[in-house]
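Visitor: Please pick one part of this structure and walk me through it slowly. I'm new to this, so spell out the terms as you go.

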Amino acid sequence: MTLRPCIDAASGTVLDGWAGTSRHWPVADADIAVECLPRDVRAARLLALRGGELIAEAELRSDPDSVRLALTGSVGRHPADAPVVTALVEAAFQRCPDARRLRVSGLGRAPALLALAASVENTPAAPDAIVERGLFYQLPLLWLTAGARAAYPLIRSQIGPQDRLPPLRPPQPNGPFYRRWLPQLGTTLSFRAIDRRHDLGLFHGWMNQKRVAFYWELAQSEAELDRYLADQEADPHLFGVIGSFDDVPVGYFEFYWAKEDRLGPYYDAEDFDRGWHGLIGNVEHLGRPKTLAWFRAITHYLFLDEPRTRRIMGEPRATHRKMLSYCADAAYETLKEFDFPHKRAALVCCERERFFREVPL
C-alpha cells in the first residue's frame, strides 16, 4: 500500500494513490469486491464485482472544490441497486480519506441513493446526491451482519440495580456480527461473540499472559474462567467478543451497558450509554496502528448497534498513559478522575457527533 501524498490546502483533496481490491459486506446482499484502478492523483476507476462478475462501474474524481463519483450506465436508478452503490460510496471514501462529502453525479433523487444522501444539489443536467462522510458511517447498511442485532423499544426492566433500573436489553449476539475492511492495514477486522464451548482454551491462554493478568486479574484455571464466561452469559448488561484480523483471533473485548455497570453510579448515566474493556492476546498484532484500529472499530460498532447511544464511556486506570493516548486519538475526552474500590480511574467519554466528525474510518 502506498503512502498518502501530501495535500496542498489550495488544491483540494487527492486520492490516496492505492491500487487494489477492497471488500464490502452490504447487510442485504452478498459480499462485494471493489477494484481501484488509479489514473492519476485525482482520478480512479472503481469496478464492483460479486463472485468475480462485474456488476457496476464508476469514475472517482477529485477536483479542487469537490470529490465526485460518477456511476456508469443505469446503476443507482432502482432500489435493488442500493447495496452495490453503498459499497462504491464506501470505496470512494476510503480512496479519498480527507473528503468530508461525496458528490454522486446526477443521482440526487435516484432510488438507490435515498437511504444514503441527506441532501441534493441542483446542476444544469440533473441534481447530484450529496453523501456526508460523518453521516454515512452511522448508517447500518454495511459492516453489521444481517440479523445480528435489533434495537428494542424502550421498555423499563425490573432486573438490574434497583437505583438504576435499565431498559429491557436485546439478547447477546451469536456468531459474527461486525466486519469492515481496513484500507490503512490491508486487512479485514471482525467481531464475533465469544463461545466458551470452543474459545475457552484461547481465552485461558490470553488471560494467563503476565502483561494481561496485570490489568485483568484473571490468571485463573480453565474451570474458573469457564464459570466467569458462564456468569457473563446470564448477565444482560454485557457480553464477550473475539476480535480478529482476516479471521485470525487477535483480542478479547467486553461490551457493556454503562448504566447498570459498576461505572454507572460514578456519573449521570443515560439509558443507552455503552462502554467496553479489551485486551490484545495475540502478540503478533501488537503496536499502535492496529491497537488504534480496535479503538475506532469498537466505538464504531457500539454507535451502529444502538442508534440511541449518544456516548461511549470508559474507566481506564488514571496512570495508564498509553491507554489514555489511544483514547484521545479515538475522540475520547477525559472528564475527571475518580476512585473505584480497586483503582484510581479516569472517566472518559466519546460523543457520537464528535467521533463521526473527527475520526477516520
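**A sheet and its aromatic rings**

Guide: Let's start with phenylalanine 253, which stands opposite glycine 278 in β13. A quick word on ground rules. What you're looking at is a predicted model, so local features need pLDDT of at least 70 and side-chain atom pairs count only at pLDDT 80 or more, while totals for chains, interfaces and linings use all residues. Residues are numbered from 1 along each chain as its sequence is written, and side-chain values use heavy atoms, with hydrogens and water left out.

Now back to that strand pair. Strand β12 covers residues 248-257 and strand β13 covers residues 274-280; the two pair in the antiparallel sense over 7 bridges. Strands here are DSSP runs of E, at least two residues long, and helices are runs of H or I, at least four, numbered from the N terminus. Two strands pair if DSSP finds at least two bridges between them.

Zoom out, and β12 and β13 turn out to belong to an open sheet of 8 strands with mixed pairing, in the order β9-β10-β11-β12-β13-β14-β16-β15. At the edges sit β9 (176-182) and β15 (332-339), each pairing on one side only. On average, neighbouring strands of this sheet are turned by 25 degrees against each other, direction ignored. Such angles come from axes fitted to C-alpha atoms, for helices over the stretch in contact, and run from 0 to 180 degrees between N-to-C directions.

Helix α6 (residues 288-305) lies across β9, β10, β11, β12, β13, β14, β15 and β16, running at about 150 degrees to β13. Contact means heavy atoms within 4.5 Å.

And phenylalanine 253? Phe253 is part of one aromatic cluster, along with residues including Phe255, Trp276, Trp294, Phe295 and Tyr326. Rings of Phe, Tyr and Trp (its six-membered ring) pair if their centres lie within 6.5 Å; planes under 30 degrees apart count as stacked, over 60 as edge-to-face and the rest as tilted. Tyrosine 326 also has the charged end of arginine 288 over its ring, 4.4 Å from the centre. That label needs NZ of Lys or CZ of Arg within 6 Å of the ring centre and within 35 degrees of the ring normal.

Searching the whole structure gives 32 aromatic pairs. One of them is stacked because the rings of tyrosine 137 and tryptophan 143 have centres 5.3 Å apart and planes at 15 degrees. Tyrosine 137 is buried at 2% relative accessible area, and tryptophan 143 counts as buried at 3%. Buried means under 20%, exposed over 50%, partly exposed in between (1.4 Å probe, protein chains only).
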